[in-house]
Amino acid sequence: MYLDKKSAKTTGVLRIIAIPDTITETFTNCFFYFFDLFAYSTLATVSRQTPHLHSLLKIRNRIPGPNSQTRLMKTSLRTLLLLPLFYLLLSCSSKVYSPAVPAHAQDRPVAVTGAHIITVTGETHENGTLVVRDGRIAAVGDAATVAIPADAEVIDAAGKVVMPGLVDSHSHIGEGDGGDRSAALHPDVRIMDTINPRSDSFRRALAGGLTSVNVMPGSGHLISGQTVYLKLRPANTIEEMLIVVDEESGIYGGLKLANGTNPLRQPPFPGTRAKSAAMVRAQFIKAREYQARIEAAGDDPGRMPPRDLALETLVEVLEGKRIVHNHTHRHDDVLTAIRLADEFGYRMVLHHVTDAWKVADEIAASAYPASIIYIDSPGGKLEAINLLPKSAPILEKAGVDFGFHTDDPITDSRLFLRSPAFAMREGLSRQTALESVTIANARQMDIADRVGSLEPGKDADFIILSGDPFSVYTRVEQTWIEGVKVWDIEDPEDRKHATGGYKVNRSGGHGHYHGH
Amino acid sequence: MRFSSQIFRPTSRTSIPDAVKRFVAQPAAVLTLIATLLFLAPPASSQIAVTADTVYTMEGEPLVNGVVLIRDGRIERVGTAADVAIPDGYTRYNGAVVTPGLIDARSVVGLAGYYNQEHDQDQLERSNALQPDLRAIDAYNAREELVGFLRQNGITTVHTGHAPGAIVSGQTMIVKTAGRTVDEALLDSTTALAITLGPGVRSQFDTPGTRSKGIAMLRQELIRAAEYAENRRDEDPERRPGRDLRLDALADMLNGRLFALITAHQSHDIMSALRLQREFGFLMLLDGASEAWMLLDEIREAGVTVILHPTMIRLRGETENASFTTAMKLEKAGIPFVFQSGFESYVPKTRVALFEAAVAVGYGLDREAALRALTITPATLFGMDHRLGSLEPGKDADLVIFNGDPFEYTSRPTHVFVNGILYHETD
């Protein structure tokens, strides 16, 4: 089918565009482009209005509230009207490539040759070739075994290192925000609604080789809001950057939780750790009851509970469709986070996990992955006095699935590779270090089927480095997303984002509310 | 090291020879020294031989297969393995690279503590925007965890004291990162007055609320200090004003006994600092200087040394235009500069000058230039190159053994010696 709804939802944009061979086709493609965005917005409207669980979706379609009913009707009409036009346009186009990305679609195969290619999940190729077609990896391997397509644009990367685009599981780039001081729990709040797609912080992250990022609200709340998984494609709208992980519900992010001292404040915030846990538990119990009422309503619209954005989000968490990203530092807070996740059976990633080295076996036994941070000194807050680079090798030994994050602006996205490198000082293996900034983090965001390694069929997100990824002397030279070069150190404007310059990185220190 | 409380005269920047003279004149102090050295003496021999593939002496070319002999806390001999035989009885240590102990040219460690709680934050007094009378020695916690943390990372000497954030926040001093008390650690009790220009002050105080008010307040106080100093020299004791600790300190700065350590990040604040220096003629250190790369000619002409912001400083507000390449540009422009850990209000509670230099090297600064800026340049700047900054017979035995390139992320200091004593051994 021409309109690939599935991948549209997956990427957050429609993966269709034609190759403009002639002016006529280019003209046609302009139509396509607008169509795509428009069609996508209608699809997005559907999925956002019913952004939730299978059962919920089914029932709500039958008994939407007055507003959503109207919107759904409009949506359906629009979609019906559009379909014939799609087919009309399809018949006009001689070459159609899918998938691709409208804003910066790859229009020609690309072959990166001669590079030291680190696939992360497979072999490392000393003299490797990476072939990219339609935004995806077509082939990767030794030069002798990979054929270069005749029409490919060849990128000579002799002497360079190629590896997957980096995946950051915890960042605050994009100038977004989360919940306010009116409550300690804001599951209904979406950071997606506040992010500035033109933020220079995205360019800065590209300069560091980051291509997929979990952008989160802060840790000053027990629940500060919904996070968003982004591809750092140059974009004017946030929708163009989304990585949708649940095609049915349209879920494109996780949920940020925090425990420990950051959320402790005056009421309505908790004043103690035990109160924090009680408040989170109470909220999840309400969500369970809400979920039960929806299920009990069955096919009877009259028995459906009124829509509650906060509880709907928590039901997504309870059903395993939305991952909890739980900020936690002290060893006992880590265990509390595990206790609550176990009680409610939700999926969780432990974030920061400063004291991880003290409870590595307990974390391993829990099977929750960890997203850790490296900071240049311990201290600065009571919970961070044990933040030591030895955590990573200890977690590795204990068998914990873990990765690093930037927490940008806490650490700078441009220097993300420093974090695993400092852990290597302490004994972390090179392979785990490579995984800790790529595939391990992709797993934490449910996007490991698409990013985090160089494998045929995956998104062609890769970086070209001047040398070893863990050397201070190595620079990221190019960043590619879905087969399109989106950052190049040879471009003077791009280079400024790597080094700094006048009014270049103005949101680089954009903070978020941590509490204290 | 100094042990006499006499050296803590409020504002005098005591020169080393003075200190030695006073010191030797006090039998009690000498006894204290002996007792202290006995206490601090390492369990092993005080005769140490350090060997490495590369020894950066900072005196000429690096030595290949170098040897450094240490005896009684000082460097005894330096040379290649072919030239220097290791005598019997010397404890041997070996590594890939040896450098002199590193010098952090601007920090707040010992005053701004590890826990970041009210009780361990003494870097900025907020009752008054002009407090040149605040001495660093009265607040320095020699046993603060972050001091040990810096030492573990190869920093053996640190210029530390009051933080940026006030027009004059207080005094700074120079200490070794070893020693159980400030007295044991001290190299110079009163090095500079910490002065801040720009928007960083107005967030701390009701007044100054603007840049120009801050500069007006500073100029007025400096003029008062100059008049005070003049009047203090009046032949008629009756006409001499009573001692004023604040004006004492400012007068010492005007007389060149203390540096004016001026933190200024934006280009117009840097220009204001240079303007003040021309007006009052003090010895100036330009601190921070995020936009120094825009003013290379002006800074070079002013002849000031730049204590460059941490390379990885966060880009916000007045530091938004900071660049990873500034150190390289300063080097190319022939402007002397040194590295610092700086001040952080949150995390990391201290940076590490070595790591900041490493990123500058990664972005084009010559490696040996970076090492100079961590060793001999700050030693010379602070008038301590007779004791610190290079590996030369007679100098303090402060040195660091690395298991690889000192700037590489994946290599690290394995041994840190301060005054010939091994403090860290991590391999």
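Mentor: Before we begin, keep one definition in mind: two strands pair if DSSP finds at least two bridges between them. Remember also that this is a predicted model.

Trainee: In what order do the 7 strands of the open sheet in chain B stand?
Mentor: The sheet is open and its pairing is mixed. From one strand to the next, the twist averages 35 degrees. Reading across the sheet of chain B, the order is 3-2-1-4-13-14-15.

Trainee: Which strands of chain B stand at the edges of that sheet, each with a single partner strand?
Mentor: An edge strand has a single partner, so one side of it is left without a neighbour in the sheet. In chain B this applies to the strands covering residues 74-80 and 421-425. They are strand 3 and strand 15.

Trainee: Which residue in strand 15 of chain B stands opposite Phe417(B)?
Mentor: Strand 14 of chain B, residues 413-418, runs antiparallel to strand 15, and 4 bridges join the two. Across from Phe417(B), in strand 15 of chain B, stands Leu422(B).

Trainee: Is Arg180(B) buried or exposed?
Mentor: Arg180(B) lies in the loop between strand 7 and helix 4 of chain B. Leaving aside neighbours within four places in sequence, Arg180(B) is in contact with Ala142(B) and Arg143(B). A residue is exposed if 12 or fewer other C-beta atoms lie within 10 Å of its own. Because Arg180(B) has 12 such neighbours, it counts as exposed.

Trainee: How many of the residues of helix 10 of chain B are buried?
Mentor: Helix 10 of chain B spans residues 353-362 and is mostly covered. What covers its buried residues includes strand 5, strand 6, helix 9 and helix 11 of chain B. Among the buried residues are Leu354(B), Phe355(B) and Glu356(B). The count for this helix is 10 of 10.

Trainee: In chain A, how is helix 6 oriented relative to helix 7, roughly parallel or roughly perpendicular?
Mentor: The axes of helix 6 (residues 273-297) and helix 7 (residues 309-318) of chain A are 9 Å apart, and the helices pack at an angle of about 90 degrees. Angles from 65 to 115 degrees count as roughly perpendicular. Because of its angle, helix 6 of chain A is, relative to helix 7 of chain A, roughly perpendicular.

Trainee: How many nonpolar residues does the contact of helix 6 of chain A with helix 7 of chain A have?
Mentor: Helix 6 of chain A contributes residues including Phe284(A), Ala287(A) and Tyr290(A), while helix 7 of chain A brings Leu311(A), Leu314(A), Val315(A) and Leu318(A). Besides 2 polar and 2 charged residues, the nonpolar residues in this contact number 7.

Trainee: Which helix of chain A gives the largest share of the side that touches chain B?
Mentor: The contact between the chains takes 32 residues from chain A and 36 residues from chain B. By class, the side belonging to chain A has 15 nonpolar, 10 polar and 7 charged residues. The largest share of that side, 5 residues, comes from residues 418-425 of chain A, which form helix 11.

Trainee: Over which residues at the start of chain A is the pLDDT below 50?
Mentor: The mean pLDDT of chain A is 84, and 78% of its residues reach 70 or more. One stretch with pLDDT below 50 nevertheless has 147 contacts in the model beyond near neighbours in sequence, and this stretch is residues 1-102.

How values were computed. Residues are numbered from 1 along each chain as its sequence is written. Chains are lettered from A and ligands numbered from 1 in the order in which they are written. This is a predicted model: local features need pLDDT of at least 70, side-chain atom pairs count only at pLDDT 80 or more; totals for chains, interfaces and linings use all residues. Helices (H or I, at least four residues) and strands (E, at least two) are DSSP runs, numbered from the N terminus. Axes are lines fitted to C-alpha atoms, for helices over the stretch in contact, and angles run from 0 to 180 degrees between N-to-C directions. pLDDT is the predictor's confidence in each residue, from 0 to 100. Two residues are in contact if their C-beta atoms, placed from the backbone, lie within 7 Å. A residue is buried if 20 or more other C-beta atoms lie within 10 Å of its own, exposed if 12 or fewer, and partly exposed in between; C-beta atoms are placed from the backbone. Ala, Val, Leu, Ile, Met, Phe, Trp, Tyr, Cys and Pro count as nonpolar, Asp, Glu, Lys and Arg as charged, and the others, Gly among them, as polar. Angles under 35 degrees count as roughly parallel, over 145 as roughly antiparallel, 65 to 115 as roughly perpendicular and the rest as oblique.
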